[in-house]
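Let's take a friendly walk through this model together. Have the chain on screen as you read.

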Amino acid sequence: GGDGLAYQTWGEGKSMRFATVPLKDGRCVWFATSSDEDLINEEDLGRRKELLLSEFSSWHDPISDVIGGTPSEEILMERAVAHRNSFGPILSVHNPEDTKIN
């Protein structure tokens, strides 16, 4: 996100994920996944962004800010296949010193 850290957050339903990777110029590239049919089938770019914001509204910061700060016409959509995992998280530790990008 805007803090210069890469991260990926997984949801518990609808094949939801959100991730960002910072770029050297201070911007970031991000992706979100969801199996929500209304979101998937929405063709209007502004409405698709609204649905995306709604879908991830309860997720941690800065997800809503990242989505909200991206112009609708720059949010690209591609269909993908989500693979179900058969196990829970192996490790859930965050150490900012281990994730800084120089």
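Which residue is the bridge partner of Val21 in strand 3? That partner is Val29. The model is predicted, so to speak of local features pLDDT must be at least 70, and side-chain atom pairs count only at pLDDT 80 or more, while totals for chains, interfaces and linings use all residues. Residues are numbered from 1 along each chain as its sequence is written, and side-chain values use heavy atoms, with hydrogens and water left out.

Strand 2 and strand 3 run antiparallel and are joined by six bridges; two strands pair if DSSP finds at least two bridges between them. Helices (H or I, at least four residues) and strands (E, at least two) are DSSP runs, numbered from the N terminus. Five residues lie between the strands of this hairpin.

Now to helix 2, residues 45-55, where Arg48, Lys49, Leu51, Leu52 and Glu55 are buried (under 20% relative accessible area, 1.4 Å probe, protein chains only). Down the helix axis, these buried residues fall within an arc of 160° (taken from the directions from the axis to the C-beta atoms), so they line one face of helix 2. Their cover includes strand 3, helix 1 (37-41) and helix 3 (63-68). At the N-terminal end, Asp44 caps helix 2, with a side-chain oxygen 3.2 Å from the backbone nitrogen of Gly46.

Some backbone angles deserve a look too:

| Place | Angle |
|---|---|
| Ser15 | positive phi of about 50° |
| Gly26 | positive phi near 95° |
| Asp61 to Pro62 | cis, omega near 5° |

Most residues other than glycine have a negative phi, and most peptide bonds are trans. Ser15 sits in the loop between strand 1 (7-10) and strand 2 (17-22), and Pro62 in the loop between helix 2 and helix 3.

Definitions and conventions. Buried means under 20% relative accessible area, exposed over 50%, partly exposed in between (1.4 Å probe, protein chains only). Contact means heavy atoms within 4.5 Å. A polar contact is a pair of N or O atoms within 3.5 Å; within protein, one must be able to donate a hydrogen and the other to accept it, and residues adjacent in sequence count only if both atoms are side-chain atoms.
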